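Take a look at the sequence and the model below. Keep both in view as you read.

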2 protein chains.
Amino acid sequence: MSSNSSQNSLFLGIDLGGTNVKAGVVDASGRAHSHVSVETQAELGPGTGLANIEKAGRLALEEAGISSDALRAVGLGSPGTMDLETGYLLDPPNLPGWTNFPIRDLLAARLGLPTVLQNDANAAAFGEYWVGAGAGDRVRSMVMFTLGTGVGGGVIEHGRIIQGRHSAGSECGHVIIDYHDTARMCPCGHRGHLEAYASATSLVKRAVEGLASGELSALSKLQESGNLSARAIAEAARAGDPFASRLMEETAFYLAVGAVSVMNVIDPDMILFGGGMIAAGTPFLDRIRFHVKRLAFPVPGEKCRVEFASLGNDAGFIGAAGWAKSVFDALDRGETIARYSMP
Amino acid sequence: MSSNSSQNSLFLGIDLGGTNVKAGVVDASGRAHSHVSVETQAELGPGTGLANIEKAGRLALEEAGISSDALRAVGLGSPGTMDLETGYLLDPPNLPGWTNFPIRDLLAARLGLPTVLQNDANAAAFGEYWVGAGAGDRVRSMVMFTLGTGVGGGVIEHGRIIQGRHSAGSECGHVIIDYHDTARMCPCGHRGHLEAYASATSLVKRAVEGLASGELSALSKLQESGNLSARAIAEAARAGDPFASRLMEETAFYLAVGAVSVMNVIDPDMILFGGGMIAAGTPFLDRIRFHVKRLAFPVPGEKCRVEFASLGNDAGFIGAAGWAKSVFDALDRGETIARYSMP
């Protein structure tokens, strides 16, 4: 083949979300040469959505001033559920109706480029591992929790994403932190998962419960005005509101419980927290660190770094590009670490 | 070097325990050509212990009718804590006084062979993965729980043991299944760990608690005669004793909770249970399977195989040999997957 040869060192990273598609051209050092966002219009179905994904990709090429011939491959991060062997979306809750959709083959055909698919939270973790908070020689393994509507997870071990045999690996938001049948219900339908305690959604839910049971707090007014959000709770905590402070402290504790559970399996160099909730800042991070140290085994508790992610919303498309690079670099070494689609 | 060349395809596997050292010569297909056991005499200190480890190794060579020149390397499985980078035992609870002991260097020197060190539960898991219950093309990733005095763990992902950055990986007995401060205390000093609920020790403890609170059961007599053991509880359950049955059912449930937590991180092909408690047999396994299926995500819950280990007490030395083989096979490919000591 004359194009997309192994000499090419540019990758197109795409981060598919329920609302927007982000895309950018990323070079072998992890630098983004462009950065675009278009609406997914997920509700119009996978056909329109796919056209918008292609559009985002072509805009990213245009903004970077290159043609697709200069690219080695495409990396696509998508919300699950998915089958990473076949490249199908199965039944993604965030993309209703995109059921049994062969997104990887179709995108490869549309863009005329080899395409790798990955879970979005895994892609974001890989981005942070590659050129974000985990960049540097010392970090070889990393566990990332993405704190938003849910709690996403991504685990990198020996430079590889743990994607699992059934595309359900790295779901660290779904470790069980309370086995009792009184435990909180997770949106996934099972009880006691970390996500049911420590997502932005569950933080707000716990606030609402507390206010209903008579907690006195500045959050009451926010609730009345319809402005009770995770961010508002974090701000109230910083401003000294005792109830909001307790909610944030509990959240830090729950996250530490989940993090230590995963640490005791992976024992990584680094635990990373990303997503909207890290706007709560260093005091929140310090409380997570406090509980991790207290709950972990002594050596990992001492040595494992606990940090916030650093790439923000760019982690997804950069990580998707980086994972595509890893897959094709491995292929050059004669090693298959993940499936991909050819155009 | 004229000896121990990469042409050699025999390995010496050694499984160091608090009571006995097991050893055997293992070929490249995982077949044991000898199988010996000598007393560790751990209480006489690491010097005597090391002599006994060497003795076990030399007896294994003798029994296999080969000289050490025919060996490629030695694999040693040991209880932790340890530092797998430097090959030191740090402060192993099961080998009191063997503190900061450079066991890997010393054994390599004594046997005149390159030596790889691994955690004993990880080695056992690797043995099962290689030639035990996990053998076969379909199994690429595996999580094993070893149910004994404690709950040991071993995770194999992409053919590698997850040993962790601080030699504390794969400690699946220490996932936190109950975050409350009322949770059971684990022998490791932290609350709510799987081991505190599902080890043979904790099964007996829960039986004692129940009997003290007035449960009527055939186990009372066993307790009076000092014969209350995990095995006796399993037997009473099989004989229809309601309280013993409930204890076994709870144990199966706890194990499933821990297994599903780890599944949601690793998403392996197979979950394996080994150790003395699997003497409880198929009814026990079926209850674990029932709860795993109920608690897991649909696809992994359907597809992940849940089985008992098949190598029994041989898993340790066979797995230690197999891991040494993996390390040196990787080295032949120019890849370093674990440190080792040269004689």
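The paragraphs below go from the whole assembly to a pair of helices and then to a single residue.

This is a predicted model, in which local features need pLDDT of at least 70, side-chain atom pairs count only at pLDDT 80 or more, and totals for chains, interfaces and linings use all residues. Residues are numbered from 1 along each chain as its sequence is written, while chains are lettered from A and ligands numbered from 1 in the order in which they are written.

Start with the two chains. Two copies of a chain are related by a rotation about an axis and a shift along it. Here, a turn of 180° and a shift of 0.0 Å along the axis lay chain B on chain A with an RMSD of 0.0 Å (superposed by least squares on the C-alpha atoms of residues with pLDDT of at least 70 in both). The two copies are thus related as by a two-fold rotation axis.

Now find two helices of chain B (helices are DSSP runs of H or I, at least four residues, numbered from the N terminus). H8(B) covers residues 242–266 and H9(B) covers residues 282–295. Their axes, lines fitted to C-alpha atoms over the stretch in contact, come within 8 Å and cross at roughly 45°. That makes H8(B) oblique to H9(B) (neither under 35 degrees, nor over 145, nor 65 to 115).

Finally, find Leu50(B) in helix H1 of chain B, residues 46–64. Is Leu50(B) buried, partly exposed or exposed? Leu50(B) has 17 other C-beta atoms within 10 Å, so it is partly exposed (20 or more would be buried, 12 or fewer exposed, with C-beta atoms placed from the backbone). The C-alpha atom of Leu50(B) is separated by 7.6 Å from that of Ile103(B), 53 residues apart along the chain.

Definitions and conventions
Axes are lines fitted to C-alpha atoms, for helices over the stretch in contact, and angles run from 0 to 180 degrees between N-to-C directions.
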